[in-house]
Amino acid sequence: MITMLAGAASSTPEPPLVSATGSLALTAAYSAALEGRRTTALSLMEMAADAAGRLARTPQSYSGGLTAGQVQLYQVGVHHLLGQDIAAVRAAQRLHPSTLPTGERRARLGTDTARALIAVGDYERALTALHAVEEAASEEASRPSVRALTRELLVRRPRLTGLKAFAERTGAGPL
């Protein structure tokens, strides 16, 4: 499909086109996962991974935005949305936050990882993931989604060490 998008003029697509195609595939995969369209979401994730692999093999002169790390980040969220939380946790474990270019992306990793960990009942590691959100980008820790996850932990495991202090710091408040 990537070659088709390049048109008949070239048998090898230019890196910006590969990057754009992969990025669009990530967005579409997430949208498909939101709708519960498992096969479509996973197929689009494969397309994005292929595009990231192609970009990794291009000369260093191109610094497009699509990376294997970005694909892995989306895998965490897509797998969670599809109810595949163990796969989401495994994807998160394979991704080192330092490979993500911004604090916001690292915070997103922490948020999505916390969601999957809560779903599988690993509340201590979920809190650790939420702490990673705060460490990566402190302003992200007070987002409504993070506060909601924190409140969920307060309900499920109110005596978790450090949880109440985190909740107060981030505006989730005490239970």
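# Exercises on an all-helix model

From the N terminus on, the elements of the protein run α-α-α-α-α-α-α-α-α. The model is predicted, so let's begin with how far to trust each part, as pLDDT is the predictor's confidence in each residue.

## Exercise 1: Getting your bearings

Work out how many helices and strands the protein has, and what share of its residues is buried.

*Solution.*

- Step 1. Count the elements: there are nine helices and zero strands.
- Step 2. Turn to burial. Of the 175 residues in the protein, 43% are buried.
- Step 3. Look at the contacts with a separation of 6 or more: 57% of them join residues 24 or more positions apart.

## Exercise 2: Reading the confidence

Find the average pLDDT of the protein, and the stretch where pLDDT stays under 50.

*Solution.*

- Step 1. The average pLDDT is 91, and 89% of the residues score at least 70.
- Step 2. Now check the start of the chain. Over residues 1-9 pLDDT stays under 50.
- Step 3. For residues 1-9 the model has 15 contacts beyond four places in sequence. Please read these contacts with the pLDDT of under 50 in mind.

## Exercise 3: Salt bridges within a helix

Take two pairs, Asp50 with Arg54 and Arg108 with Asp112. For each pair, determine the N to O distance and the spacing along the helix, then say whether each residue is buried or partly exposed.

*Solution.*

- Step 1. Recall the principle: side chains of opposite charge can pair when their charged atoms come close.
- Step 2. Apply the cut-off. A salt bridge needs a side-chain nitrogen of Lys or Arg within 4 Å of a carboxyl oxygen of Asp or Glu. By this rule the protein has nine salt bridges.
- Step 3. Asp50 and Arg54 qualify, with an N to O distance of 3.0 Å. Both belong to helix 3 (residues 38-56), where a spacing of four residues puts them about one helical turn apart.
- Step 4. Check their surroundings. Asp50 is partly exposed at 34% relative accessibility, and Arg54 is partly exposed at 30%.
- Step 5. Arg108 and Asp112 also qualify, their closest N and O atoms being 3.0 Å apart. The two residues sit four residues apart in helix 6, about one turn of the helix.
- Step 6. Here Arg108 is partly exposed, with a relative accessible area of 26%, whereas Asp112 is buried, at 4%.
- Step 7. Follow the chain of pairings: Arg108, Asp112 and Arg115 form a network of salt bridges.

## Exercise 4: A link between helices

Identify the partner of Glu134 in a salt bridge, and say how many residues apart the two are.

*Solution.*

- Step 1. The partner is Arg169, with the closest N and O atoms 2.8 Å apart.
- Step 2. Glu134 lies in helix 7 and Arg169 in helix 9 (residues 163-170), so the pair links distant parts of the chain, 35 residues apart.
- Step 3. Arg169 is partly exposed, at 48% relative accessibility.

## Exercise 5: A charged residue without a partner

Asp85 has no salt bridge. Explain why Arg115 does not serve as its partner.

*Solution.*

- Step 1. Place Asp85: it lies in helix 5 (residues 85-94), and it is buried.
- Step 2. Arg115 is the nearest side chain of opposite charge, and it is 9.0 Å away. A salt bridge calls for atoms within 4 Å, so Arg115 does not qualify.
- Step 3. See what does touch Asp85. Leaving aside neighbours within four places in sequence, its contacts are His79, His80, Ala116, Ala119 and Val120.

## Exercise 6: Empty spaces

Compare the largest cavity and the largest pocket by volume and by lining.

*Solution.*

- Step 1. The whole structure has one cavity of 30 Å³ or more. The largest cavity holds about 50 Å³ of space.
- Step 2. Its lining is made up of Tyr30, Leu73, Tyr74, Gly77, Arg105, Arg108 and Asp112. Helix 4 (68-81) and helix 6 (103-119) each give two or more of the lining residues.
- Step 3. The largest pocket holds about 300 Å³. It has 16 lining residues, and those nearest its centre are Pro97, Leu109, Thr113, Ala129 and Ala132.
- Step 4. Helix 5, helix 6 and helix 7 (123-136) each supply at least two residues of the pocket lining. Helix 7 gives the most, with six residues.

Notes
Residues numbered from 1 in each chain as written. Predicted model: local features only at pLDDT ≥ 70, side-chain atom pairs only at ≥ 80, totals over all residues. Heavy atoms only, no water. Buried < 20%, exposed > 50% of the residue type's maximum accessible area, 1.4 Å probe, protein only. Lys, Arg positive; Asp, Glu negative; His and termini not counted. Contact = heavy atoms within 4.5 Å. pLDDT = per-residue confidence, 0-100. 1 Å grid on protein atoms, 1.4 Å probe; cavity = no way out; pocket = protein on both sides within 12 Å on 5 of 7 lines; lining within 4 Å. Points joined across faces, edges and corners; volume = space filled by probe spheres on them.
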